[in-house]
Amino acid sequence: MSVSTQNLPPQFEVVDSPLDSQMTISMGPQHPSTHGVLRLELVLDGESVVKCTPDIGYLHTGMEKLFEYKKYQQGIVITDRMDYLNPLGNNLAYVMAVEKLLGLEIPERAQTIRVLMCELQRIASHMVWLGTHALDIGAMTVFFYCFREREKILNLIEAASGGRLTPSYFRIGGLMMDLPAGFERRLKQFTDNFPDAVDTFNTLLTGNTIFQKRTQNVGIISPEDAIDWGLTGPSLRGSGVALDIRRANPYTGYENYDFEIPVEGDCDVWSRYLVRMRELGESLKIVKQAAARLKPGSVKADAPKVVLPDREAMKTHMDALIHHFLIVAEGFDVPKGEVYHPIEASKGELGCYVKSDGGPKPARVHFRGPSFVNLSALPHMAEGEMVADVVAIIGSIDIVLGEIDR
Amino acid sequence: MSIISDIIDSTKAIIKGMSITLAQIPKEKWTVQYPDDPVTLQPRYRGQHLLHVDELGREKCVACFLCAAACPSDCIYIIADDDPRPEEERIGVDERYAKIYNIDYGRCIFCGYCVEACPKDAITHGYNFELSVYTRADLLKTKDDLLITKQKQSPNYRVAFSDEDVDSEYKEI
Ligand code: SF4
Ligand code: SF4
């Protein structure tokens, strides 16, 4: 429990009256620093937050229900739209869950490209986080530099998949298509220049007294509380708990990569900031290793009933054409069963639960979104702090409302 | 004392920040002055669809409905018809062709599934991305807007083709 809440009056029923010293205000849903359409009901005593209640659901689109009406392969495009800053991570969680049900073996090259793209996406997601977090706290220019770096990554993603925000690049059983020619050269340009950008961010923020004063000892959550609230990802690691699914429960071959898991023990906004800043370097390390490991090979699993055939084969071979027709028109049957597959998304543990009754459409798809769970700990962190610190705390847990409301 | 050191530290931080900002001025610009300057798109970019024709100008689509079946947002509407005329005079390459082929851009999510599904390479993604219109009904594009011979290409983009970047598998324009 944070120290600062101890001196506050005990919570009591709020009656809004002018004579009352407490005041209820509504922050959001159009507040720019709530990172989307999040509404917070804040009970304030002067400038301190007595009570904070998140109000969500403004972006609810019924995505999980929608999965039940779409064939398995069509579900991939829905996942893009949940956490729209980390669409490739969402793609991965979903396709891996379905692949688990099908028992598919994914070729080496596809796995490496998946790791590469997911880590690029993690950097892009952290770029948006850093830019907006700094913007909330009052550092305007960082935002431009962050979006410039993100633009470079989005160009790479666009070159590979054709989409910038909604790539849908991963398919059940592999990838949509192989990386384009010249991708590695462009990737190298990015990886060579990115460390300079990180230096710029460090100069602008990490060594900046103003930024430190705004973030240190703010929004404290102890390791025990962090675990109890179910925090995952950088928000948990900022409380000194070294849990990363890429290490704890490796998938797509993360066990073969050499990277560190940054952990900071101050439990405040500042240490969550440091964790993410250090993760940028680690992700870059993984990207470089993956790029060095790319060997020519197939990017689609050998499963003619599930994976679309190559276009050349489809035009020349009758059986490939028949499979193509069947997969597109009817979908493919997935064996009965239920699976849960967690991955380490940029914001924490993103788990995908898929239940199949057989047949080409899932019976139920559910996502354990990190933003949703991390947001639930916001009142715990924000109560007792100043109202101006609430925006810093929201920034530090890095939420995306598209994923919370789904 | 601490106030004075705070002020000194903050001033230092601001000066450092300003020096970085000012150092950006001579550097390469990433902002594109759209629409005065064209936007650069990657070869695989998924823009407004194009319906292709063969060398004789006949539509490649054979109205097999695969694209409509693949579409996750159900936005393709096709009515198939038979064209009994001799081969050279036909509208399409095959006897069967799409009399009506509509894509509702109010629903399309530019996922590329239709392109992946088409066995005849009759539909691909073009690069037009300026799709805003004043009324919803105008978002429904018919063959008149989609056919490669009729679609007007916007001057506001250029495609990042280089000898090695051409992805001939999907893009034919
Ligand atoms: S791009 Fe996707 S949503 Fe649009 S028409 Fe093709 S399949 Fe349908
Ligand atoms: S565009 Fe292609 S997939 Fe769609 S109906 Fe025509 S031939 Fe079939």
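Trainee: How many residues of chain A are in contact with chain B in this predicted model?

Mentor: A contact here requires C-beta atoms within 7 Å. By that criterion, chain A meets 30 residues of chain B, and the number it brings itself is 31.

Trainee: Which helix gives the most to the side of chain A that touches chain B?

Mentor: At least two residues each come from α5 (140–161), α6 (183–206), α7 (209–215), α12 (311–316) and α13 (318–330) of chain A. By class, this side has 12 nonpolar, 14 polar and 5 charged residues. The helix that gives the most, with 7 residues, is α5(A).

Trainee: Why does chain A count as compact as a globular protein of that length, and what is its radius of gyration?

Mentor: Chain A has 17 helices and 8 strands. The globule rule gives 22 Å for 406 residues, and the value for chain A is close to this, so the chain is as compact as a globular protein of that length. Its C-alpha atoms fill a box of roughly 80 × 45 × 35 Å along the principal axes. The radius of gyration of chain A is 22 Å.

Trainee: What percentage of the residues of chain A count as buried?

Mentor: Among contacts in chain A with a separation of 6 or more, 69% join residues 24 or more positions apart. Burial requires 20 or more other C-beta atoms within 10 Å. Of the 406 residues of chain A, the buried share is 52%.

Trainee: Which residues come nearest to ligand 2?

Mentor: The shell around ligand 2 has 13 nonpolar, no polar and 1 charged residues. Of these 14 residues, the nearest are Cys61(B), Cys64(B), Leu66(B), Cys67(B) and Cys118(B).

Notes
Residues numbered from 1 in each chain as written. Chains lettered and ligands numbered in written order. Predicted model: local features only at pLDDT ≥ 70, side-chain atom pairs only at ≥ 80, totals over all residues. Near = placed C-beta within 6 Å. Nonpolar A, V, L, I, M, F, W, Y, C, P; charged D, E, K, R; others polar. Helix = DSSP H or I, 4+ residues; strand = E, 2+ residues; numbered from the N terminus. Rg over C-alpha atoms; globule rule 2.2 N^0.38 Å. Buried ≥ 20, exposed ≤ 12 C-beta atoms within 10 Å, placed from the backbone. Contact = placed C-beta atoms within 7 Å.
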